[in-house]
Amino acid sequence: MLHKNLSVNDNGHLAIAGFDTVELAKKYKTPLYVLDTDSVYESCVKYKTLISKYFAEGSKPLFASKALSCTEIYRIAEKAGIGIDVVSGGEIYTAKKAGFPLKNAYFHGNNKTDADIAFALDCGVGCFVVDNTEEINALQAEAERRGISVRVMLRVSPGIDPHTHKAVVTGSVDSKFGIAIETGQALEAIKLISGCKNLLLEGLHCHIGSQIFEYDPFAEAAAVLIRFVSEVKAKLRISVNALNLGGGFGVRYTDEDPEFDYEAVLSKISASIKKSCAECGVEEPKIYFEPGRSIVAAAGLTLYTVGSFKTIKGYKSYVSIDGGMPDNPRYALYQSKYTCLIANKAGEEKSVCATVAGRCCESGDLIQEDVKLQHCERGDILAVLVTGAYNYSMASNYNRLPRPAMVAVGREGDRVIIKRESYEDLVRNDI
Ligand SMILES: *Cc1c(COP(=O)(O)O)cnc(C)c1O
C-alpha cells in the first residue's frame with residue numbers, strides 16, 4: 001500500500017493502523033475523517049531526532065498548525081516535545097485550550113492585526129515571525145506599552161522558486177510574504193528591529209513552497225540566508241544565530257509520487273549549510289523547520305458512503321459520495337492528486353475508471369477525476385487516502401453541510417477527537 005500504516009485485512013477491507021475502516025464507518029457514520037495519531041506522534045519524534053542529529057544545538061521542528069489544527073494535535077506536539085507555528089488567533093486559542101506551552105509557538109502571517117498582536121502577547125506566544133515594517137513598529141509599540149521584551153524572527157524572501165529553482169528566478173521576491181533580501185529592504189528591516197528596544201532578534205525565516213521532494217531548494221535558500229547573515233554581520237555588527245527554513249517537505253499522495261527519505265534530505269541540507277557557513281565565515285546557526293503536511297497527511301484518510309455509480313454512455317462514469325469540496329476542497333482548488341479505493345472491496349482488482357463527485361450543487365465539486373476504482377454501488381464505502389493535512393483545516397459548511405467528525409485510531413483504541421457538527425451547530429450564530 002501507499003503508506004505503511006495502510007493494509008488490507010482478512011475481510012478484504014482497508015485498514016489503517018490495523019483498524020478496519022468499514023467498521024469505523026459503521027460505528028461513526030460517514031463522511032468521517034480518520035487520523036492515525038501514533039503515526040503523527042512518530043513523525044514529530046522523527047523530525048526532532050533527525051534535526052538534533054544533523055543541525056547545531058538548539059535546532060528544532062515546529063509543527064505548522066495550518067495543516068491540521070485541533071486540540072488533539074497540540075497535545076501530541078507537546079508530548080513529542082516539539083514547537084508549533086501558528087497563523088491566527090484561532091490557532092493560538094486552540095493550542096492554549098489544549099494546554100500547549102505557547103512559549104514554544106511561532107506566530108506567522110502577513111497581516112497580524114492589532115487585536116492578534118495583543119491576544120498573542122496576552123497568551124504568551126514565544127516568538128513573532130514579523131513580516132513587514134509596519135508590523136515591526138506596531139509590535140514594538142505594544143511591547144513597550146506592556147513593558148516586556150518580545151522575540152522576533154524576520155521573514156525574508158530569498159528569491160528561490162522551488163520548482164524552477166535551477167534558474168534561480170527571482171519570482172518569489174514578488175510575494176505577499178516577507179521582505180526581499182535582493183532589494184536591500186531586509187537589511188533595512190534588521191536595522192529597524194535592532195533599534196526597537198523591546199524586540200530581540202532571534203533569527204531569519206523563509207518558506208519556499210510545498211510538496212518539495214529534493215534537498216537543493218532548501219540548501220539554496222539556506223545559502224542565500226547565510227550570505228545575508230554575513231552581510232548583516234559586516235554592515236550592522238549584528239549576529240544572527242537562528243534560521244527557520246519553513247516547511248514544504250513532500251508527501252506521497254499516489255503511486256506516482258516518490259518515497260521521501262527524510263534522513264537523506266535533512267543530512268544533505270545539513271552538509272550544504274556547513275559548507276555555506278565555512279565559505280561565508282559565519283558560525284553555524286540553529287536551524288528550525290516547520291513541517292505541516294509531512295507530519296499529518298499520511299496519518300489521515302476520509303471515508304464516504306457511495307450514493308450512486310452512473311455511467312454516461314459514450315462518456316464516463318461518476319461515483320457520487322456523501323461529502324465533497326466542503327470537507328476536501330483541494331481538488332477543486334488546485335487539482336491535487338489523491339488515491340481512492342472502495343474500502344469494503346480493497347482486496348479486489350480496480351476494474352473501473354470513474355470521477356469521484358461530491359454532493360454539492362456545484363459541478364466543480366469533485367474529489368478526483370478519472371481514477372481507478374473497484375466496481376461500486378450505493379452503500380459501498382469509498383476511502384480517500386492521505387487526507388490528514390489541509391482537509392479538516394480547510395473545511396467549510398458550504399451547502400449548509402455539517403463538518404464530519406474526526407476519529408483517532410492508535411494504541412489507545414478508536415475515539416472521537418472532533419465531534420461531528422449537528423444542524424444545531426450550523427444555526428448557532430444565526431440571529
Ligand atoms: C504552509 C507553511 C508551512 C507548512 O508547509 P507544509 O507544506 O505543510 O510542510 C510552514 N511554514 C509556513 C510559513 C507556511 O506558510
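This tour moves through a predicted model, from the ligand to the cysteines and then to two groups of strands.

**The ligand site**

Begin by selecting the ligand together with the residues around it. The shell comprises 15 residues, and the closest are Lys66, Ser210, Glu290, Arg293 and Tyr390. Colouring this shell by residue class shows three nonpolar, seven polar and five charged residues.

Next, display the side chains of Lys66 and Ser210. Lys66 places a polar side-chain atom 2.6 Å from an oxygen atom of the ligand. For Ser210, a polar side-chain atom is found 2.5 Å from a ligand oxygen atom. Then turn on the backbone of Gly248, where a polar atom lies 2.9 Å from an oxygen atom of the ligand. With a surface drawn, one can see how the ligand is enclosed: of the 390 Å² of accessible area that the ligand has on its own, the protein covers 93%.

**The cysteines**

Now select the cysteine sulfur atoms. How many disulfides does the model contain? The count is zero, and two residues illustrate the point.

Centre the view on Cys123. The closest cysteine sulfur to that of Cys123 belongs to Cys127 and is 16 Å away, which is too far for a bond. Cys123 is buried, its relative accessible area being 15%. Move on to Cys360, whose sulfur is 7.0 Å from the closest cysteine sulfur, that of Cys361; this pair, too, is too far apart for a bond, since a disulfide requires the sulfur atoms to be within 2.5 Å. Cys360 is likewise a buried residue, with a relative accessible area of 8%.

**An open antiparallel sheet**

Go next to strands S1, S2 and S3. These three strands make up an open sheet with antiparallel pairing, in the order S1-S2-S3. At its edges are S1 (6-8) and S3 (19-20), each of which pairs on one side only. Select S2, residues 14-16: three bridges connect this strand to S1 in the antiparallel sense. Within S1, pick Ser7 and look across to S2, where Ala15 stands opposite.

**Strand S5 and its parallel partners**

Finally, select strand S5, residues 60-64. Is S5 mostly covered or mostly open? S5 is mostly covered, with four of its five residues buried.

To see one partner, add strand S13 (residues 286-289), which runs parallel to S5 and is joined to S5 by two bridges. Lys60 has Tyr288 of S13 as its bridge partner. Then add strand S6 (residues 83-86), which pairs with S5 in the parallel sense over three bridges. Here Ala64 is bridged to Asp85 in S6.

Note on methods:
Residues numbered from 1 in each chain as written. Predicted model: local features only at pLDDT ≥ 70, side-chain atom pairs only at ≥ 80, totals over all residues. Heavy atoms only, no water. Near = heavy atom within 4 Å. Polar contact = N/O pair within 3.5 Å; in protein donor to acceptor, adjacent residues only side chain to side chain. Areas by Shrake-Rupley, 256 points an atom, 1.4 Å probe, with all protein chains shown as cover. Nonpolar A, V, L, I, M, F, W, Y, C, P; charged D, E, K, R; others polar. Buried < 20%, exposed > 50% of the residue type's maximum accessible area, 1.4 Å probe, protein only. Pairing = 2+ DSSP bridges.
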